Amino acid sequence: MLMRQVAEAFQSLELTSKRSEMTRFLADLFEQASAEDVDILVYLLRGRLGPPFEAPEFGVAERLILVTLSDAVAMPPCQVEALYKKKGDLGLVAEELLPQERSNLTLRDVYDTLRQVATATGAGAQERKIRLVSDLIKRSGGLEAKYILRMLQGRLRLGVGDATIIDGLSEAAGGDYGLRLQIERAYNLCSDLGFVARTLFTNGPTAVEQIGPRVEKPIMVALAERLPSPQQVINKLGRVEAEPKYDGLRLQLHKDHDRVRFFTRRLEDVTGMFPELASAALRQIRAERAVLDGEAVVYNPETGEYLPFQVTVRRKRKYGIAEMETRYPLRYFAFDLLSVDDRDLTRESLLTRREELVKVLRWRADDPIEVTENIITDDAAELERFFQDQIQRGLEGVVVKRPDSPYQAGQRSFNWVKLKRAYRGELRDTVDVVIVGYLVGKGKRAKFGIGSLLAAVYLPQQDKFRTVTKIGSGLTEVGWMEMKSRLDELRSERKPARVDSLIEPDVWVEPAVVVEVLADEITRSPMHTTGKVGSEQGYALRFPRVVSIRMDKGPEDATSEQEILEMYQMQQARPVEQPPDAGKPGKHAA
Ligand code: ATP
């Protein structure tokens, strides 16, 4: 496949924000691709060189790209720089300076070279990168170079999410959206959409159906819905299994013989950060290969107390791991077993999976990996007592699960329900929103150039981000300045394709940064697009303040529109009361 064909499709994608058109362009593009090219095409559409958990970072500085471009077009760097200042995008500069004729550069050439650029290390790496990029630019036409340079800068931003790519693949391979669910299921189990696309194009839909969890690939995590009280949980689910809800870091543990890897819920490989858990896994897990789901929590060895999320996250830092290990030892509470010795357990019931988990884990007192305790009950009073016990221990609450449910990778469903300490008199739970823009504002903070954040929730069915609030508090002055510089890196000249907004902020940003906010209530609002149908009002968070930055979440992991509607319903059904403990901060309070 020629890079030219890909660049033309990228251009069409860039010019529309209509999902149906995007799907059509993608389907056309996939139809032109061979089975050998389709996986890299899927990766490059998201501006990556592989699935998120193993794609190398480009690591090419802007200056280096600029100098390389000026060398390739034989123009002094100061002139290229002047053009860059005018256009604000090196891709557009390259498009103007390079010839528009077709080049015979293939998609494979581009991908292989970009991988060499990204993985070059050691002495002379910089020179090698320059030479590779320069050769690539010299062989490109203007349009190809535009997208290649944007990729190198991590600024491709075509506005296509996984959901739209899945629709495009389904249409290309089956003529309609009929394969969507199969592709999505397989993707949720291996987190590698390129691999799924290649399997589909090589061996057809039956082969896609056979994709199961694998030790070498992270599985998208199952997520929980919310309900307000034990009674409502029992009314909705009947007999339940309930476990303590630990306030730590979700970690998926993959053991493959003598190798152990850990993945976060964003599919980041964080193996190097938890060495003592890795050696515990080798000691404690009886199987050759196994995938466990669980929560890692740090505790204070003197008091035995579990410490909050923020402290666990600090453990993730790469440096000072040895020191952190003694100061903040870890426990890993395993609550699920997804595969063991290549047996796919995701289709088994929760109770079967837990039985297998108990069997597979060797455990003696003080071993760092343990299975979460649990109760099974259909009695709301018993569930309430178990819940209160967890609160007494300083935990967040409980996660209640359907005993006969399969593991629904990548899905938020009522198979799991979280019951958290209520912030009575306030919204019961925090909400995770994605920043899609900011307003410069007036007053004190205007001098920093940022006054409030325009925030959105996610609508997975349409792959859209709909605005739900403007946030003007909760960050320190330094926090606001850091936020501004992070957002400026994501700045977009126009409204990003996936954003649905009636408010025009001063600066649009690509949806990437997720913040946890606590708000007083959800109200109906004409200003926001969340839940808005026709001329009806949408929904908005009132008096939101930032509680934490959710580094562990990607934009698609933000609270969904559906959850906001459910929280609104719960709020309407709640008696109005103002207990003395109202206003406690959220789980991730710094
Ligand atoms: P929250 O901010 O409430 O943790 P979330 O969006 O991070 O929500 P949810 O799926 O809504 O994630 O809530 C479940 C989370 O609770 C899991 O992602 C996991 O990190 C954590 N957790 C703690 N203990 C358990 C448990 N026993 N079973 C399942 N999840 C648990």
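The shell of residues around the ligand in this predicted model has a clear make-up: it divides into seven nonpolar residues, 12 charged ones and no polar ones. Altogether, 19 residues surround the ligand. If you want to find this place in the structure, look for Arg250, Glu295, Lys418, Lys420 and Lys553, which are the closest of them.

Let's now go down to single atoms. Start with Glu243, where an N or O atom of the side chain lies 2.9 Å from a nitrogen atom of the ligand. Tyr246 also meets a ligand nitrogen, but here the partner is a backbone N or O atom, at 3.0 Å. Arg550 takes part through its side chain, with an N or O atom 3.2 Å from an oxygen atom of the ligand. How much of the ligand does the protein bury? Taken alone, the ligand exposes 590 Å², and the protein buries 98% of that.

Which elements give two or more residues to the shell around the ligand? They are the strands β1 (223–226), β2 (240–245), β10 (397–401) and β11 (412–420). Of these, β11 gives the most, with four residues.

Let's turn to another part of the chain, where two helices meet. Helix α10 covers residues 162–174 and helix α11 covers residues 180–190. Try tracing a line along each helix: the two axes come within 9 Å and cross at roughly 130°. An angle from 65 to 115 degrees would count as roughly perpendicular, and one over 145 as roughly antiparallel. The angle here fits neither group, so α10 and α11 are oblique to each other. The crossing has a handedness too: α10 passes α11 in a right-handed way.

Definitions and conventions: Residues are numbered from 1 along each chain as its sequence is written. This is a predicted model: local features need pLDDT of at least 70, side-chain atom pairs count only at pLDDT 80 or more; totals for chains, interfaces and linings use all residues. Side-chain values use heavy atoms; hydrogens and water are left out. A residue is near a molecule or strand if one of its heavy atoms lies within 4 Å of it. A polar contact is a pair of N or O atoms within 3.5 Å; within protein, one must be able to donate a hydrogen and the other to accept it, and residues adjacent in sequence count only if both atoms are side-chain atoms. Accessible areas come from the Shrake-Rupley method with a 1.4 Å probe; for residues, only the protein chains shown count as cover. Ala, Val, Leu, Ile, Met, Phe, Trp, Tyr, Cys and Pro count as nonpolar, Asp, Glu, Lys and Arg as charged, and the others, Gly among them, as polar. Axes are lines fitted to C-alpha atoms, for helices over the stretch in contact, and angles run from 0 to 180 degrees between N-to-C directions. Angles under 35 degrees count as roughly parallel, over 145 as roughly antiparallel, 65 to 115 as roughly perpendicular and the rest as oblique. A crossing is left-handed if the near helix is turned anticlockwise from the far one by less than a right angle, and right-handed if clockwise.
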